[in-house]
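Visitor: I am new to this structure and would like to learn how to read its features one at a time. Could you take me through them slowly?

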Amino acid sequence: MSILRTVRLGRVWLLGGVMALAACAPRETALRGAPHPDATIQPIHIATLRPFDATGQAFGMLRADRLNYFRADVSVPPTHQVGQIEWPDEQPNAATDFVVTKTEILEGQAGLVRDLRRTGTGPETLVFVHGYNNTLSDSMYRLAQIRADFDLTMPSVLFSWPSAGDPRGYIYDRDSVLYSRDAFLSVLDALATAPNEKVLLLAHSMGSQLVMETLRQAAIRGDHALLGRISGVVLMSPDIDPELFQKQAQAIGQLPQPFLIFTTRQDRALSVAGWLTGRKPRLGLIDGPEKVQGLDVKVIDFTALADGAGYNHFVPVTAPAAVELLRGMIAESGSGGDFSDYMVLVPKAAQ
């Protein structure tokens, strides 16, 4: 057996072992708890193709054939650290942990929109689309953490597509993305019906694939009114083949603005995804804006701010330095800035 073949087999066994161990590890689940007077309540509105009781792993489960809607009030503890989700060690305690203090089932898309307008401010809605290997609990708490760390007051919706929540489910999750396109498009339609209503899309990892496929679908059906109400797109660590992204962007035509791509060249999760997809580097690993030449997008490289947490797969919202940078960017954009001056690069000594 050649040395090269031995190395390749070793990588296969190592990858398989890591995924098997991760699959056997218990996943945290969002739990109810009593409110704490010093905690902050983040209202999270959810549109999901999961059953209401499917908050954990769902590998092999049937996907729902219609959307379910509900609101969860997530309590963020007064001891919260930027970039962290404080899961409870045992019994949830709102003084130190993320807990769910209240849930309410919403009747259809009309009920979702009514409750959004009642609990949020302004006609712009943030829609967060999670990535691969995410449970409903994972993504619900992540959006609450993002809202808390960025002091967001706009209403927000989590679109929870039926990820298996299992590292062995990569292909299952890619199929789930395709399965969810029509449902996601219907949610965007409901949130941006009136001319003054806007939607800001924030997607992570494989969720970026769902966003691009859905925008492409809207463009193909000629729904320029909806595309015109997308106030911006942010793809964090997008798990998309760059060549496919080019084709998707060309089909969409005029991309919503701003259109930002957040990359981290030390993203170990995307490195594995590239290996799984035929050694094709993913869009979240590109090393410069020239890889998306000709497209009206801006690439922001967070490699220099990576701290190693979570395989460097969610740096923009989990690394405190990256959160601080992003808060400055958001403030600047509110003052008329356009993000043109940002390209965070790895120092030469670290390359």
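**Reading the features**

Guide: Val272 is a good place to begin: with a relative accessible area of 33%, Val272 counts as partly exposed. Please keep in mind throughout that this is a predicted model.

Visitor: In which element does Val272 lie, and which residues make a nonpolar surface patch with Val272?

Guide: Val272 belongs to helix 9, and together with Trp275 and Leu276 it makes a nonpolar surface patch of about 230 Å².

Visitor: Before we go further into the details, how many helices and strands are there in the protein chain, and what share of the residues is buried?

Guide: The protein chain has 11 helices and nine strands, and of its 351 residues 53% are buried. The accessible surface comes to about 15900 Å², and carbon and sulfur atoms account for 55% of that surface. Among the contacts with a separation of 6 or more, 77% are between residues 24 or more positions apart.

Visitor: How should I read the pairing of strands, and which strands pair with strand 8?

Guide: For a pair of strands one asks about the sense of the pairing and the bridges. Strand 8 (residues 259-263) pairs with strand 9 (residues 298-301) in the parallel sense over four bridges, and Phe262 has Ile300 in strand 9 as its bridge partner. From strand 8 the chain passes through helix 9 (residues 268-276) to reach strand 9, in a β-α-β crossover that is right-handed. Strand 7 (residues 230-236) also pairs with strand 8 in the parallel sense over four bridges, with Leu260 in strand 8 as the bridge partner of Val234. Between strand 7 and strand 8 the chain crosses through helix 8 (residues 242-252), and this β-α-β crossover is right-handed. Leu260 also stands opposite Lys298 in strand 9.

Visitor: Are the residues of strand 8 buried or exposed?

Guide: Five of the five residues in strand 8 are buried. Taking the two sides in turn, Phe259, Ile261 and Thr263 are buried on one side, while Leu260 and Phe262 are buried on the other, and both faces of the strand are therefore covered.

Visitor: A loop can be read in a similar way, I suppose, so where is the place of His130, and is His130 buried or exposed?

Guide: His130 sits in the loop between strand 4 (124-129) and helix 3 (136-149), and because its relative accessibility is 0%, His130 counts as buried. Leaving aside neighbours within four places in sequence, the residues in contact with His130 include Arg50, Phe159, Trp161, His204 and Gly207. His130 and Gly207 are 77 residues apart in sequence, while their C-alpha atoms are 5.2 Å apart in space.

Visitor: What is the general idea behind a salt bridge, and how many does the structure hold?

Guide: Side chains of opposite charge can pair when their charged atoms come close. The structure holds 12 salt bridges, and one of them joins Arg118 to Asp115, with the closest N and O atoms 2.6 Å apart. Both residues lie in helix 2, three residues apart, which is about one turn of the helix. Arg118 is exposed, with a relative accessible area of 56%, whereas Asp115 is buried, with a relative accessible area of 5%.

Visitor: Which residues are linked with Arg118 and Asp115 in a network of salt bridges?

Guide: The network links Arg71, Asp73 and Glu104 with Asp115 and Arg118.

Visitor: Which parts of the chain does the salt bridge between Arg117 and Glu197 tie together?

Guide: In this salt bridge the closest N and O atoms are 3.4 Å apart. Arg117 lies in helix 2 and Glu197 in the loop between helix 5 (181-191) and strand 6 (198-204), so the pair ties together parts that are 80 residues apart in sequence. Arg117 is partly exposed at 27% relative accessible area, while Glu197 is buried at 12%.

Visitor: Where do Asp151 and Arg327 lie?

Guide: Asp151 forms a salt bridge with Arg327, and their closest N and O atoms are 2.9 Å apart. This pair links distant parts of the chain, for Asp151 is in the loop between helix 3 and strand 5 (156-160) and Arg327 is in helix 11 (residues 320-334), 176 residues apart. Asp151 counts as exposed at 51% relative accessibility, and Arg327 is partly exposed, with a relative accessible area of 36%.

Technical notes: Residues are numbered from 1 along each chain as its sequence is written. This is a predicted model: local features need pLDDT of at least 70, side-chain atom pairs count only at pLDDT 80 or more; totals for chains, interfaces and linings use all residues. Side-chain values use heavy atoms; hydrogens and water are left out. Buried means under 20% relative accessible area, exposed over 50%, partly exposed in between (1.4 Å probe, protein chains only). Contact means heavy atoms within 4.5 Å. Accessible areas come from the Shrake-Rupley method with a 1.4 Å probe; for residues, only the protein chains shown count as cover. Two strands pair if DSSP finds at least two bridges between them. A crossover is right-handed if, with the strands pointing away from the viewer, the path from the first strand over the helix to the second runs clockwise. Patches are made of residues with over 30% relative accessible area and no salt bridge: like charges are joined within 9 Å, nonpolar side chains (Val, Leu, Ile, Met, Phe, Trp, Tyr) within 5 Å. A salt bridge is a side-chain nitrogen of Lys or Arg within 4 Å of a carboxyl oxygen of Asp or Glu.
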